[in-house]
Amino acid sequence: MADYDFDLFVIGGGSGGVRAARMAAQTGARVALAEESRLGGTCVIRGCVPKKLMVFASKGAAQVSDAQKFGWDATIGDFDWGRFHPKLTAELERLEGVYRKLLDGSGVKIYDSRATVDGPHTVKLANNQTVSAKHILIAVGGHPVRPPLENAELGLVSNDVFLLEKLPKSVLIVGGGYIACEFACILRNFGVEVTIYARGAQILKGFDDEARGLLSESMKQCGIDIHMGTSVQEMCPADQAPKGPRPTGSDATMGEPAGERRSLATNDKSITDPRAAGPIWTKATTGVEQVFDHVIFATGRAPSTDGLALDDVGVKLERNGAIAVDEYSQTNIPSIYAIGDVTDRVALTPVAIREGMAFVDTVFKGTPTPVDHNLIASAVFTQPELGTVGLTEDDAARNGPIEVYSTSFRPMNQAFIDGTSRVLMKLIVCAETRKVLGCHIVAPDAGELIQMVGIAVKMGATKEDFDRTCAVHPTISEELVTMREPVRTT
């Protein structure tokens, strides 16, 4: 057997890479991990965790408003980003420390450095040091991308939002996916004027049509200005905008006073921090011109394979740059594996963790374990939330006859205070096998609900299994077990 420095070298310190490193080390393997940025990766540092903390914070005004309607003598002022943001930063630093402690406690050697693949069994660090390993695991994740638009570097991406030193008065969010919608709800509930430009006919492409329709209406009701079939045609610093009158409600006084703005030349490619860009003039494909304090691009993510030298080693990539792997996360180079968003299979943190654990079972425990990517529950943390598992109605209908059980209503707390918020409970059932093929929930805490429903759907529960389950009353979720007649069949 060749003599290697390590049995496993992990490139990437996100949730999947850290879990794989720790679990492999527990088998007695000699493990090292390299991370060029911060341990925790996208989820902990610039994704799920800070976003969810922002969701919690953004609910305050609505909770106080509802309390007033229930009879409480309650008042609330403006949201203070300056009080919240330092606590957010401190929490992320704490969690990063937890990840480091877990790795140290498992005996994993940590390299705080960028690493590239230098051969089937060799990794090169930023200082040109080379390290050998019997197995290499690539878990570098993905990153947000800007569209191919002139001056797009002036716009923020999701990573930048968590680093804002102050809240803007107005933002344009470009995109209609879950990241766009989540940030739209958060920022609007913080008091920011939010506009969405999305190219499609409806937000949240790929999710159930009935659910996305209800969410769109809910977002509009809370004051989010949604423009479908729209994208940015031009953008530049506001003080360099084409001459002419600006539309009502958008002027150059947004954000900092004109004399304090940082002027950015449109051909200046040296700008590395779009947070300093100042008010941005935009022209939409519909012809509308408007100025926003910030433009946020939520137009997609890409696997972070650039610069890893994978082509030099011969690792096969997909057309979008993702690393091609088999069901055991193995690349075409037998000693090199990849997990998580860099493989562009299912870009969810729990999936990356599951893939990391399956990799350890396969390589270090002698139990070949493919990853099951079917029936994975997920949530969109809009307000209200969207929880989903399984097939959408349209996808299920393409596979054969189905029954659709669906109800939308004002929950008890909203009806009592004359609120307008509605919820949705929906089950998609195979007409032949009676199995529940999909469940879609739009409601407060839908993410919590869909986790439980996901267990039943994963086990192959039938509609009759749901029917036999006694309801918990009075709850929103009882509708899942009390819907008796389908609203439509195909």
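This short talk covers two helix packings and one buried serine in a predicted model.

Hi everyone, let's begin with helix α3, residues 48-58. One partner is helix α7, residues 178-189. Their axes lie 9 Å apart, at an angle of about 40°, and the crossing of α3 past α7 is left-handed. On the α3 side, the contact is built from Lys51, Met54, Val55 and Ser58, while α7 brings Glu182, Ile186 and Asn189. By class, that contact is a mixture: 3 nonpolar, 2 polar and 2 charged residues.

Now turn to α3 and helix α5, residues 81-105. Here the axes come within 11 Å and cross at roughly 145°, and α3 passes α5 in a right-handed crossing. From α3 we have Val49, Pro50, Leu53, Met54 and Ala57, and they meet Trp81, Phe84, Leu88, Glu91, Leu92 and Leu95 of α5. This contact counts 10 nonpolar residues, no polar ones and 1 charged. Do keep an eye on Met54 when you look at the model: Met54 is in the contact with α7 and also in the one with α5.

Let me finish with serine 113, which sits in the loop between β3 (109-111) and β4 (115-119). Is serine 113 buried or exposed? Its relative accessible area is 14%, so serine 113 counts as buried, the cut-off being under 20%. What does its side chain reach? The answer is the backbone nitrogen of alanine 126, at 3.1 Å. Leaving aside residues up to four places away in sequence, serine 113 touches Ala34, Glu35, Glu36, Leu125 and Ala126. So alanine 126 appears in both descriptions of serine 113, the side-chain reach and the list of touching residues.

Thanks for listening!

Note on methods
Residues are numbered from 1 along each chain as its sequence is written. This is a predicted model: local features need pLDDT of at least 70, side-chain atom pairs count only at pLDDT 80 or more; totals for chains, interfaces and linings use all residues. Side-chain values use heavy atoms; hydrogens and water are left out. Axes are lines fitted to C-alpha atoms, for helices over the stretch in contact, and angles run from 0 to 180 degrees between N-to-C directions. Helices (H or I, at least four residues) and strands (E, at least two) are DSSP runs, numbered from the N terminus. A crossing is left-handed if the near helix is turned anticlockwise from the far one by less than a right angle, and right-handed if clockwise. Contact means heavy atoms within 4.5 Å. Ala, Val, Leu, Ile, Met, Phe, Trp, Tyr, Cys and Pro count as nonpolar, Asp, Glu, Lys and Arg as charged, and the others, Gly among them, as polar. Buried means under 20% relative accessible area, exposed over 50%, partly exposed in between (1.4 Å probe, protein chains only). A polar contact is a pair of N or O atoms within 3.5 Å; within protein, one must be able to donate a hydrogen and the other to accept it, and residues adjacent in sequence count only if both atoms are side-chain atoms.
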